[in-house]
Amino acid sequence: MTKPIEVKNLTKTFRHPMKVWDRIEAVRDFSFSVEPGEIVGFVGHNGAGKTTTIKMLMGLIWPTSGKISIFGKKPGDVSIKNKIGFLPERPYFYSQLSGMDVLKYFGKLSGLKGTTLIDRAEKILRQVGLYNDRNRRLGGYSKGMLQRIGLAQAIIHNPELVIMDEPMSGLDPVGRREVKEIIRSLKRDGKSVIFSSHILSDIENLSDRVLIIENGFKKSFGTVREIVDPDNIRYKIEFGGKDEMKDAAFSLFKGIRVASDRFIIDCESLEDFNSKLSTIVEKKYTVHEAGGTYPSLEEIVFSVKKEVGNEKNS
Amino acid sequence: MKRILNVAYYTFLEMVRNKVLFILFFFALFIFGLGIVITQMTIGDNLTIISDVGLATIEIFLTVLSIFLGISLVQKELSQKTLYPLLARPVSRAEYILGKFFGMLLLVIVAIVIMSVIFTILLFFYGGAGRIIDFLPAIYAIFLQTSTIISVAVLCSTLTEPAVAATLTISFYIIGATSYNLVYAITKRTSETVTKIITTLRYVLPDFNHFNIKDNLVYGRGLENLSLGVASIYALIIVVIVLSLSIIFFNAKEIN
């Protein structure tokens with residue numbers, strides 16, 4: 001089966017706005033792919049290269065080097081466009097058209113017609129919570145409503161791949177929850193989804209794999225667990241024992257903490273964890289909980305940022 | 001073709017609801033009103049004067065309309081990013097450009113119908129409603145001229161921002177409207193070599209004299225043989241060349 005997206009050694013440079021001969025590297029030599037039915041989240045700070053990558057996937061701008069394949073074809077190829085839905089960052093639509101007009105327009109361009117188009121448009125409008133405002137002109141829509149109509153037009157034609165740039169931007173908590181549910185339902189229907197977001201918990205909750213981009217570089221790509229450096233896993237042991245054993249516990253390890261009737265000890269590495277666990281078992285303490293905890297995506301992205309910052313300073 | 005018509009229809013719908021259009025209509029009504037005042041102040045055949053003013057108003061209105069709305073056709077979509085989701089659909093960039101052009105043309109046709117109805121009412125009050133039939137070729141020629149202006153506005157809109165696009169399109173109109181008389185005046189007073197250069201240049205510069213049928217009709221000189229055919233072919237050549245250039249430039253453009 002053809003992969004929805006395959007990107008190899010993608011690089012994009014732009015002409016410097018002030019110095020004509022200089023080039024700015026927006027995306028630097030990175031590769032990734034998206035499998036059918038997979039949700040991939042793009043993470044990175046402003047200007048990291050997320051939107052540039054998305055624009056290249058959509059065929060709006062062209063790579064300086066490297067190869068992009070969307071369902072086996074070049075981006076922008078008209079024959080595959082019906083398989084793709086796209087929500088740009090901060091979408092604006094024709095202010096004089098109503099929500100229903102916009103869906104009819106984009107639906108017709110995607111080959112939908114008649115009652116199929118109307119039924120589908122009404123269903124999607126209900127899904128994004130705009131059914132009651134369907135006949136209002138978009139000039140009167142709020143930012144959140146425009147975001148919703150943007151999402152609606154992206155999925156009106158039931159695409160196999162949906163690419164969304166900041167789909168949760170401008171939405172209130174209820175709206176964000178609804179959009180997340182739509183993304184989940186797309187996955188349930190076997191669609192592939194790419195979305196970028198600054199809200200790391202959203203990326204972590206929704207994505208099967210995460211692409212971390214920093215300064216145009218692909219810093220990591222994989223599941224949250226895969227992209228964690230084993231050295232960053234925090235190992236912890238929680239144990240307890242009889243009252244007479246408690247004082248002895250403090251002399252066993254440095255940095256021991258007490259919570260309720262338990263002792264908690266953090267370990268520096270897997271070896272440290274194994275050694276401390278053996279000692280605890282040997283001394284006949286009761287082990288309540290022992291194991292490694294993965295850092296959150298926020299902590300990973302923050303550590304990547306620090307790393308890039310250090311690279312810049314050195 | 002269906003996709004071009006879809007883009008055209010929604011381009012028309014978006015523009016027809018635009019407030020600018022209503023402002024322009026009021027402007028046109030004002031000029032018609034001015035025509036009535038002029039007939040009261042001028043010695044001569046009132047019907048001829050009102051016919052002249054009426055046809056001139058239609059031409060001015062359509063020119064202003066096509067420049068004002070045409071220059072932002074593509075550029076506005078670029079700056080407001082409405083183009084992004086549209087180009088994500090199975091629509092080629094060429095189809096998009098053609099759709100925009102035909103959408104604008106549709107608006108012009110509707111505007112011509114409305115203006116012609118107002119013009120007929122005006123002629124009726126001066127006892128010459130039937131003359132509208134005589135003026136139809138002139139209105140058609142104005143439509144042809146307007147279509148060339150729209151194509152240039154679309155080209156400029158794909159290349160540059162609205163202010164520059166407006167300047168370029170207005171320049172095209174001014175050159176088109178004056179080139180015939182200008183070339184005639186210059187060649188009367190210069191050497192043979194300069195005359196040859198200027199005459200050659202005339203074939204390159206737009207010449208709206210091909211569309212100037214209204215003077216003959218208003219002053220009863222009648223329609224010259226083949227003049228409408230020549231005007232149609234001339235407009236078609238300009239539109240095809242300019243739209244082809246628009247498509248070439250737009251295909252090479254990164255939508256950033």
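A residue counts as buried when its relative accessible area is under 20%, as exposed when that value is over 50%, and as partly exposed in between. In this predicted model, I109(B) has a relative accessibility of 40% and therefore counts as partly exposed. The residue belongs to helix α6 of chain B, which covers residues 93-125. The C-alpha atom of I109(B) is separated by 16 Å from that of L236(B), although their positions lie 127 residues apart along the chain.

**A helix and its two sides**

Helix α9 of chain A comprises residues 270-282, 13 residues in total. From its first C-alpha to its last, the helix reaches 18 Å, close to the 18 Å expected at 1.5 Å a residue. Which residues of α9(A) are buried? They are D272(A), F273(A), K276(A) and I280(A). These residues lie on the same side of α9(A), because they cover an arc of only 100° around the axis. The face turned away from that buried side carries the exposed residues E271(A), V281(A) and E282(A). Just after the helix, K284(A) takes a positive phi of about 65°.

**The sheet beneath the helix's buried residues**

The cover over the buried residues of α9(A) includes three strands of chain A, namely β10, β12 and β13. The helix lies across these strands and runs at about 10° to β10(A). Their residue ranges are as follows.

| Strand | Residues |
|---|---|
| β10(A) | 234-240 |
| β12(A) | 262-267 |
| β13(A) | 286-293 |

The three strands belong to an open sheet of 4 strands in chain A, ordered β11-β12-β10-β13 with antiparallel pairing. Its edge strands are β11(A), residues 257-259, and β13(A), each of which pairs on one side only. On average, neighbouring strands of this sheet are turned by 25° against each other, direction ignored. The antiparallel pairing of β11(A) with β12(A) extends over 3 bridges. R257(A) has I264(A) as its bridge partner in β12(A).

**The interface between the chains**

How many residues of chain A are in contact with chain B? There are 36, and they are in contact with 29 residues of chain B. The size of an interface is often given as the accessible area lost when the parts come together. Between chain A and chain B, the buried area is about 3,000 Å², and carbon and sulfur atoms give 56% of that area. L60(A), Y94(A) and L109(A) supply 21% of the area that chain A buries against chain B, more than any other three residues.

Conventions
Residues are numbered from 1 along each chain as its sequence is written. Chains are lettered from A and ligands numbered from 1 in the order in which they are written. This is a predicted model: local features need pLDDT of at least 70, side-chain atom pairs count only at pLDDT 80 or more; totals for chains, interfaces and linings use all residues. Side-chain values use heavy atoms; hydrogens and water are left out. Helices (H or I, at least four residues) and strands (E, at least two) are DSSP runs, numbered from the N terminus. The expected span of a helix is 1.5 Å times one less than its number of residues. Buried means under 20% relative accessible area, exposed over 50%, partly exposed in between (1.4 Å probe, protein chains only). The arc is that of the directions from the helix axis to the C-beta atoms. Contact means heavy atoms within 4.5 Å. Two strands pair if DSSP finds at least two bridges between them. Axes are lines fitted to C-alpha atoms, for helices over the stretch in contact, and angles run from 0 to 180 degrees between N-to-C directions. Buried area is the accessible area (1.4 Å probe) that two parts lose on being put together, summed over both.
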